[in-house]
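Trainee: I would like to go through this model and ask how each label is earned. Could we set the values against the cut-offs together?

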Amino acid sequence: MIQIPRGTQDILPGESYKWQVIEEKLREIAANYNYREIRTPVFEATELFVRGVGGSTDIVNKEMYTFEDKGGRSLTLRPEGTAPVVRSYIENKMQHDVNQPVKVFYKEPMFRYERKQKGRYRQFVQFGIEAIGVEDPLIDVEVLSMLMHIYQSFGLKNLKLYINSIGDHQSRKEYNDALVSHFEPRIDEFCADCQSRIDTNPMRILDCKKDRDHELIKTAPVIYNFLNEESKAYFETVKEKLTDIGIEYEVDYNLVRGLDYYTHTAFELMSDAEGFGAITTLCGGGRYNGLLELLDGPHETGIGFALSIERLLMALEAEGIELEQPDGIKLYICTMDDNSFDKAGTLLHELRTKGISADMDYKRRKLKAQMKDADRKRAEHVIVLGEDEINSGEVELKSMQDGESRTMNIDELKNYLED
């Protein structure tokens, strides 16, 4: 038997309504903040992610699904959403859009070849936003406000927001030099990944899951001490404005994020709900003030975040929050014989073209089984169609909520359900 590929999942009809509820809420909140949808290709030039995400990252080194097309071009299934959005911004000259910053959201499948864990898949769905074209602490605060709004709108309470500043490029360079001096004498005590990161991206050592308890990580230099005055002022304003609007946060000086393009504000949202799992990250993001130029674009800045819908569902489950199921069908038609079965098919067509959701039993089961099927499909009303009803042109419409019945002709039934 052919089975589903490892690290993927089928979202069955009994669960897909949860995704629909979440997606509808995400779109609604995005509209409130005036973010418009963008859709980018599932695959892009591999170079986009090598240059945009960073050659020293695990995503590029270990996790990308890369292949060569028939023209010999190297292409990669999209592992994250920011680089494609920035590529589109540059290619479509969106810096000339009269609406600045350009504020977009996406909801798309991503692909990473990583070890399957609870809530982490090789094909997963991310919702993300990007605000490109303005560098101001208030935009950072808007993004963080939207992030918290999303999770709190579902009733989640066990949330912790961690923020940090990585500073500008000069601050980051000086900090990396200090980290090299700190770690290099004993780098052989760290994992192979960290030993390569010391030469490519020393800040990533602070983010290592294997060596996070090493004493050198606990005693590593604090990035805040390397921020220049401009970077410090920027970060202080972000913190002040978050406090003004009542958003609670903690500063984590070891929070560096995993991608090379971050500068200034970086953040992660965690769940501390009991039973959520060992990996508590729900969402992450930050500001990127050099990514566009790195991809041969204009001198513009951006900020954004991305969240996994799979992990949002896990957080809801951990806190015992149930998403409301959609309404059932408006009408279920029970049939008594072959003639009424045929008539029901015609009636269904007429009802559905009027926008009325309706269904019937195509397996021609007994009336009792049909009624059970109507109940499973959460039908609001039921009619029984038999020889008497066809001859008289009248049916008895029964409410499945209170059992109340009323008799009406079939044309009246159509209008009644439509109203």
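Mentor: Gladly; we will take sheets, surface, an annotated site and salt bridges in turn. Keep in mind that this is a predicted model.

Trainee: Let's start with the sheet that has the order E2-E4-E3. What makes E2 and E3 its edge strands?

Mentor: The sheet is open and has three strands, with antiparallel pairing. Strand E2 (43–45) and strand E3 (66–68) each pair on one side only, and that is what puts them at the edges. Neighbouring strands here are turned by 35° against each other on average, direction ignored.

Trainee: How do you know that E3 and E4 count as a pair?

Mentor: The cut-off is at least two bridges between the strands. E3 and strand E4 (residues 74–77) have three bridges, in the antiparallel sense, so they pass. To find the register by eye, look for Glu-68, which stands opposite Ser-74 in E4.

Trainee: Phe-67 is in strand E3 too. Why is Phe-67 called partly exposed?

Mentor: The label covers values between 20% and 50% relative accessible area. Phe-67 has 34% relative accessibility, so partly exposed is the right label.

Trainee: And what makes the nonpolar surface patch that includes Phe-67?

Mentor: Val-42, Phe-43 and Phe-67 make the patch, with an area of about 250 Å². A patch residue needs over 30% relative accessible area, and the 34% of Phe-67 meets that.

Trainee: Now to strand E7. Why is E7 described as largely enclosed?

Mentor: Buried means under 20% relative accessible area. Six of the seven residues of E7 (residues 159–165) are buried, so the strand is largely enclosed by the rest of the structure.

Trainee: Which strands does E7 pair with, and in what sense?

Mentor: Seven bridges join E7 to strand E9 (residues 263–271) in an antiparallel run, and Tyr-162 has Glu-268 as its bridge partner in E9. With strand E8 (residues 250–251), E7 pairs in the parallel sense over two bridges. The rule asks for at least two, so the E8 pairing qualifies with its two bridges. There, Ile-163 stands opposite Val-251.

Trainee: What about the hairpin of E15 and E16: what is noted for Gly-403?

Mentor: Gly-403 takes a positive phi near 75° in that hairpin, which has five residues between the strands. The strands themselves, E15 (residues 394–399) and E16 (residues 405–409), run antiparallel and are joined by five bridges. Leu-397 stands opposite Arg-406 in E16.

Trainee: Which residues does UniProt list for "binding site"?

Mentor: The unreviewed UniProt entry lists several, including Glu-80, Arg-112, Glu-130 and Tyr-262. Arg-112 is found in the loop between strand E5 (102–111) and strand E6 (123–132).

Trainee: Why is Arg-112 called buried although it has some accessible area?

Mentor: Buried asks for under 20%, not for zero. Arg-112 has a relative accessible area of 17%, so it counts as buried.

Trainee: On to salt bridges. How do you know that Glu-380 and Lys-330 form one?

Mentor: The limit is a nitrogen-to-oxygen distance within 4 Å, and this pair has 3.5 Å. Glu-380 is in the loop between helix H13 (367–376) and strand E14 (381–385), and Lys-330 in the loop between helix H11 (309–318) and strand E12 (331–335), 50 residues apart. Glu-380, with 23%, is partly exposed, and so is Lys-330, with 27%. By the same distance rule, the count comes to 30 salt bridges.

Trainee: What makes Asp-338 and Arg-364 a tie between parts of the chain?

Mentor: Their closest N and O atoms are 2.9 Å apart, a salt bridge. Asp-338 lies in helix H12 (residues 338–353) and Arg-364 in the loop between strand E13 (358–360) and H13, so the pair ties together parts 26 residues apart in sequence. Asp-338 is exposed, with 54%, whereas Arg-364, with 48%, is partly exposed.

Trainee: And why do Asp-373 and Lys-377 get opposite kinds of label, buried or partly exposed?

Mentor: The boundary is 20%. Asp-373 has 6% relative accessibility and counts as buried, while Lys-377 has 30% and counts as partly exposed. Their salt bridge has a closest N and O distance of 3.2 Å. Through shared partners, Asp-373 and Lys-377 belong to one network with Arg-352, Asp-359, Asp-361, Arg-365 and Arg-376.

Conventions. Residues numbered from 1 in each chain as written. Predicted model: local features only at pLDDT ≥ 70, side-chain atom pairs only at ≥ 80, totals over all residues. Heavy atoms only, no water. Helix = DSSP H or I, 4+ residues; strand = E, 2+ residues; numbered from the N terminus. Axes fitted to C-alpha atoms, helices over the stretch in contact; angles between N-to-C directions. Patch = residues over 30% accessible without salt bridge, like charges linked within 9 Å, V, L, I, M, F, W, Y side chains within 5 Å. Areas by Shrake-Rupley, 256 points an atom, 1.4 Å probe, with all protein chains shown as cover. Salt bridge = Lys/Arg side-chain N within 4 Å of Asp/Glu carboxyl O. Buried < 20%, exposed > 50% of the residue type's maximum accessible area, 1.4 Å probe, protein only. UniProt positions renumbered as here; feature names shortened; annotations may be inferred.
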